[in-house]
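Biologist: I have a chain on the screen and some questions about it. Can we go through it step by step?

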Amino acid sequence: MSQHIGFLPIDDIPEDNERPTGDYPVLPLRDTVVFPHMMTPLVVGRDRSIKAVEAAISSDNLIVVVAQRDADVQDPGLNDLYSIGVEMVVGRILRMPDGTTNVLGQGLRRVRILRLSQTQPYLRAYVEPIQESQEVTLGTEALMRAVLSLFDKVVQLSDSLPEDAYVAAMNLSAPGPLADLILSVLDLDFPTRQELLEVLDPVTRLQRLSVLLAKELDVLELEYSIQDKVQREVDRSQREMFLREQMRAIQTELGELDLQMAEIQELEEKIAASDMPDLVRAKAQKELSRLKAMPPAAPEIGMIRTYLDWLLELPWTKATEDNLDIAQVAKVLDANHYGLPKAKERILEYLAVRKLAGKNNRRSPILCFVGPPGTGKTSLGRSIAQALGREFVRVSLGGIRDEAEIRGHRRTYIGALPGRIIQTMRTAGTINPIFMLDEIDKLGVDFRGDPAAALLEALDPEQNHAFSDHYLDVPYDLSKVMFITTANILDPIPPALCDRMEVIEFPGYIEEEKVAIARQFLIPRQLSETGLDEPRRSVSFSEKAIRTIIREYTYEAGVRNLEREIGNICRKVARRIAEGKPAPRHITVQSLPKYLGPARFLRDQEAQTDEIGLAFGIAWTEAGGDLLPVEVSLMEGKGTLLLTGQLGDVMQESAQAALSYARSHARELGIGDIDFDKLDIHIHVPEGSVPKDGPSAGITIATALISALIQRPVHHDVAMTGEITLRGRVLPIGGLKEKVLAAHRAGLKTILLPKQNKKDMIEIPKRVRRELKFVFVDRMEEVLPVALLPENPTPRPS
């Protein structure tokens with residue numbers, strides 16, 4: 001480390017031809033750069049370095065100082081040293097008690113190290129002196145003046161630069177020494193100092209120096225500005241504190257209030273200017289009167305102030321204007337969502353009534369979107385808000401078990417807050433937003449109350465004009481809010497709450513609808529999110545590839561996993577483009593395994609062949625519907641009926657009813673010679689880890705059982721659903737649309753349905769009705785001819 005403590009005037013430096021040249025001792029420096037003409041103290045500690053200094057003292061006091069490239073190298077060689085150093089005259093040396101030697105030297109001129117003449121016991125090298133031009137042209141003079149001006153400003157703003165440095169710089173007439181002087185006093189890092197030492201042209205060195213001075217000046221000016229602001233702020237704070245103390249003393253003498261009075265006056269003005277109803281205004285003024293009467297240190301001041309802030313920030317009358325252009329609203333809904341005709345039709349009906357009835361229609365609909373995950377329930381709510389021009393707010397009810405989350409806490413509790421409904425209304429800022437209550441079927445119940453019961457008032461058009469929140473303790477009008485709730489199933493929703501909502505079912509999408517959704521929405525969105533939407537990087541999907549993804553890589557009623565798989569492909573393509581590798585521009589069926597791996601949802605091989613004792617039912621699930629294979633095996637035994645596959649009580653009773661039907665009709669079925677007391681029957685429904693229940697598998701169990709008894713296979717492309725009675729009647733079932741779509745997704749061709757469900761066929765998409773064959777039956781005798789293969793003289797054993 002070095003510190004420049006003086007400057008030798010140019011007139012006192014001997015001319016170059018007066019200085020000895022040739023072979024010199026070399027002193028390697030660590031992280032230190034010595035500039036010509038500067039007096040520099042050095043601390044020398046290595047043995048070779050001390051011997052080099054002693055050799056210089058013993059001869060002509062001249063030594064070459066040069067910086068090391070790596071400060072950690074203990075014994076540097078030629079490759080470890082920079083090529084440009086400085087010839088220095090050693091003035092005096094001082095040996096210290098710790099074994100080091102302090103050297104005071106004067107830099108003379110730049111030299112270039114040619115080669116080392118010796119390495120032991122110290123370094124010596126042949127050097128070549130570097131001549132610098134001292135000519136001062138008109139341009140050089142202007143540059144020197146500019147550098148001096150910048151240096152003057154830097155010295156004035158910097159606390160670390162002495163004014164003597166600027167005085168010394170003013171007295172220099174050559175560009176090289178001027179640049180070296182200023183560089184030696186500036187706080188620069190080691191690489192920059194060495195780099196500027198190696199700039200041999202004085203004019204170029206001055207130009208580089210002017211850039212450094214300009215940057216340093218900017219930093220110093222900014223630092224000075226920050227310090228000035230901080231100082232002014234401190235002075236202002238001290239002055240304000242002093243004045244406040246004086247004002248407090250004066251107000252105490254006069255009996256006046258302090259800052260609290262100003263806050264109360266501000267609250268009075270806000271309450272007077274607000275649009276809150278008279279009842280709420282009276283409540284606010286009463287609380288404000290309590291606030292006035294409290295001493296400044298009362299703990300309730302913060303609670304009352306927070307309460308008044310809630311009353312003032314809630315929207316009481318502010319509303320957005322609805323977009324009553326029905327055609328425009330329909331266009332927006334169609335642009336954002338494919339299909340969902342019932343939900344869209346209900347919104348357009350509401351707009352039509354609003355347009356015709358005007359202010360006479362004050363009720364807003366309370367809708368409940370029910371359907372499998374990924375069918376667009378939540379996103380449709382956003383689209384409705386966009387189409388109507390209203391604010392959209394959302395509250396997720398999943399996992400809420402505390403009634404206070406809906407109605408709020410009473411203000412007697414510390415940290416009490418309004419419920420989720422009032423909090424969300426403040427966020428909306430208007431009194432007529434689209435308010436979505438997501439996952440209403442996931443509400444819980446525990447000792448803290450029933451949140452579903454707390455929602456009864458908010459979702460009742462006859463009561464929600466005066467919704468009562470425990471925290472506000474004043475009625476709040478929710479009648480202008482359009483509530484939209486979402487659920488996957490209706491069963492967990494209490495009947496009283498379900499009765500207050502208009503249920504709109506979101507069925508699963510058929511394959512053609514998924515293809516259209518992928519084309520219009522999913523693929524463009526994923527291309528945009530992955531940066532593949534530019535023409536030169538665009539990627540397209542073939543229709544066969546999309547259909548293969550739907551059939552073999554997803555198995556869902558919605559399109560959430562479909563979008564996830566499309567995004568997976570887009571990300572892999574984007575990575576190849578980012579890495580500069582060849583990337584496909586068109587995704588085909590053949591390339592899907594490369595990006596998505598092997599197909600995950602292939603039909604079971606058993607479903608491809610006609611089997612004895614195997615029939616396919618259809619089950620309704622939260623995901624929209626699924627196939628339900630039923631297997632029956634017969635064994636010699638003691639007349640036991642064994643049921644496996646996690647069957648519920650109702651499904652077990654259906655199996656008992658199917659067996660009773662078969663035994664009572666044994667003669668008609670041609671199995672009168674079978675002794676059921678010596679026959680064990682095992683009925684199994686695969687996927688044993690999944691609980692199953694319900695009566696709709698009755699005819700499926702009966703068909704599989706009779707197939708095993710009479711040894712006739714069941715058609716593998718036939719599915720069936722329906723409840724069976726002991727008399728063989730086939731009773732209607734629920735969830736018809738989801739079950740039919742599940743059979744369609746599975747590739748089945750024929751479906752047996754109860755005749756009483758024929759009226760529900762209007763809900764089935766036309767394309768599905770064209771591609772499937774529907775057989776409506778009223779009795780079990782009508783099921784068997786369709787489900788079973790014709791009699792075979794050599795039946796295949798089960």
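**Buried charges and their partners**

Modeller: Glu287 is buried, with a relative accessible area of 2%. Keep in mind that this is a predicted model.

Biologist: Which residue forms a salt bridge with Glu287?
Modeller: The test is a side-chain nitrogen of Lys or Arg within 4 Å of a carboxyl oxygen of Asp or Glu. For Glu287, the closest N and O atoms of the pair are 3.4 Å apart, so the pair passes. The partner is Arg411.

Biologist: How many residues apart are Glu287 and Arg411, and where do they lie?
Modeller: Glu287 sits in helix α8, residues 278-293. Arg411 is in the loop between α13 (404-407) and α14 (420-428). The pair links distant parts of the chain, and the separation is 124 residues.

Biologist: Is Arg411 buried, partly exposed or exposed?
Modeller: Buried means under 20% relative accessible area, and exposed means over 50%. Arg411 has 22%, so the class is partly exposed.

Biologist: Which strands hold Asp438 and Arg394?
Modeller: The side chains of Asp438 and Arg394 meet in a salt bridge, at 2.9 Å from N to O. The two residues are 44 positions apart, and the pair links distant parts of the chain. Asp438 is in β10 (residues 434-438), and Arg394 is in β9 (residues 392-396).

Biologist: Which relative accessibility does each of Asp438 and Arg394 have?
Modeller: Asp438 is buried. Arg394 counts as partly exposed. The values are 4% for Asp438 and 41% for Arg394.

Biologist: What is the N to O distance between Lys480 and Asp477?
Modeller: Lys480 is partly exposed, at 39%. Asp477 is partly exposed too, at 21%. They form a salt bridge, and their closest N and O atoms are 3.4 Å apart.

Biologist: How many salt bridges are there in the whole structure?
Modeller: The pairs above come from a search of the whole structure. That search finds 34.

**Helices and packing**

Biologist: How many residues of helix α5 are buried?
Modeller: Helix α5 covers residues 190-197 and is mostly covered. Among the buried ones are Phe190, Leu196 and Leu197. Arg193 is in the buried set as well. The count is six of eight.

Biologist: Which residues touch Ala545, leaving out those up to four places away in sequence?
Modeller: Ala545 is in helix α18, residues 543-553. At 0% relative accessibility, Ala545 counts as buried. The C-alpha atoms of Ala545 and Thr588 are separated by 5.2 Å, though the two are 43 residues apart along the chain. The residues touched are Ile587, Thr588, Val589 and Leu592.

**Backbone points to check**

Biologist: Why look at phi and omega at all?
Modeller: Most residues other than glycine have a negative phi, and most peptide bonds are trans. So the cases to look at are a positive phi outside glycine, or a peptide bond that is not trans.

Biologist: Which two residues does a cis peptide bond join?
Modeller: Omega at this bond is about 0°. The proline lies in the loop between β6 (101-118) and β7 (124-129). The pair is Gln120 and Pro121.

Biologist: Asp31 and His37 have a positive phi, so which is buried and which is exposed?
Modeller: Phi is near 55° for Asp31 and about 70° for His37. Asp31 lies in the loop between β2 (22-29) and β3 (38-44), and His37 lies in the loop between β2 and β3. At 51% relative accessibility, Asp31 counts as exposed. At 11%, the buried one is His37.

**The whole chain**

Biologist: What is the radius of gyration of the chain?
Modeller: A compact globule of 798 residues would have a value near 28 Å. The C-alpha trace spans about 135 × 90 × 55 Å along its principal axes. The radius of gyration of the chain is 45 Å.

Biologist: What share of the contacts with a separation of 6 or more comes from residues 24 or more positions apart?
Modeller: The chain has 26 helices and 25 strands. Buried residues make up 47% of its 798 residues. For the contacts in question, the share is 74%.

Definitions and conventions:
Residues are numbered from 1 along each chain as its sequence is written. This is a predicted model: local features need pLDDT of at least 70, side-chain atom pairs count only at pLDDT 80 or more; totals for chains, interfaces and linings use all residues. Side-chain values use heavy atoms; hydrogens and water are left out. Helices (H or I, at least four residues) and strands (E, at least two) are DSSP runs, numbered from the N terminus. The radius of gyration is taken over C-alpha atoms; the globule rule is 2.2 Å times the number of residues to the power 0.38. Buried means under 20% relative accessible area, exposed over 50%, partly exposed in between (1.4 Å probe, protein chains only). Contact means heavy atoms within 4.5 Å.
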